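Colleague: Hey, got a minute? I'm new to this one and would like a quick tour.
Modeller: Sure, let me pull it up.

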Amino acid sequence: MGASSIGHWVVVLFVLGLFQVIYIIPLWRIVSKAGYSGAWSLLSFVPLVNIVMLWVFAFSAWPRERA
């Protein structure tokens, strides 16, 4: 009854959106400082792709290291 009310879903969507903003801003800056485009950080929201992305970033030569 209360869990399916419109107010509940508004709060849930607000909290999820807030979490994504809090999460994506530092990740965007980290990826940018590594020498990649900050847009790569958006892949962190795609399941399984985020794990592959983490491994690629961890073990590849970063563009900033090549210069």
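Colleague: Which residues form one aromatic cluster?
Modeller: Phe 19, Tyr 23 and Phe 45 do. Keep in mind that this is a predicted model.
Colleague: And how many aromatic pairs does the structure hold?
Modeller: Five aromatic pairs.
Colleague: OK, switching to pockets. What volume does the largest pocket have?
Modeller: About 190 Å³. It is lined by 13 residues, and the closest to its centre are Leu 27, Val 31, Met 53, Leu 54 and Phe 57.
Colleague: Which helices each supply at least two residues of that lining?
Modeller: Helix 1 and helix 2 each do, and helix 2 covers residues 49-59.
Colleague: Where does the largest share of the lining come from?
Modeller: From helix 2, with five residues.
Colleague: What does the lining look like by class: nonpolar, polar, charged?
Modeller: There are 11 nonpolar residues and two polar ones, while charged residues are absent from the lining of the largest pocket.
Colleague: New topic, Ile 25. Where is it found?
Modeller: Ile 25 sits in helix 1, which runs over residues 6-33.
Colleague: Why does Ile 25 count as partly exposed?
Modeller: Because its relative accessibility is 49%, and partly exposed is the class between buried, under 20%, and exposed, over 50%.
Colleague: What separates the C-alpha atoms of Ile 25 and Leu 54?
Modeller: They are 17 Å apart, and the two residues are 29 residues apart along the chain. Leu 54 is also one of the residues closest to the centre of the largest pocket.
Colleague: Great, thanks!

Methods. Residues are numbered from 1 along each chain as its sequence is written. This is a predicted model: local features need pLDDT of at least 70, side-chain atom pairs count only at pLDDT 80 or more; totals for chains, interfaces and linings use all residues. Side-chain values use heavy atoms; hydrogens and water are left out. Helices (H or I, at least four residues) and strands (E, at least two) are DSSP runs, numbered from the N terminus. Buried means under 20% relative accessible area, exposed over 50%, partly exposed in between (1.4 Å probe, protein chains only). Rings of Phe, Tyr and Trp (its six-membered ring) pair if their centres lie within 6.5 Å; planes under 30 degrees apart count as stacked, over 60 as edge-to-face and the rest as tilted. On a 1 Å grid over the protein atoms alone, a cavity is a set of points where a 1.4 Å probe fits but cannot get out, and a pocket is an open set with protein on both sides within 12 Å along at least five of seven lines; lining residues have an atom within 4 Å of a point. Grid points are joined across faces, edges and corners, and a volume is the space filled by probe spheres set on the points. Ala, Val, Leu, Ile, Met, Phe, Trp, Tyr, Cys and Pro count as nonpolar, Asp, Glu, Lys and Arg as charged, and the others, Gly among them, as polar.
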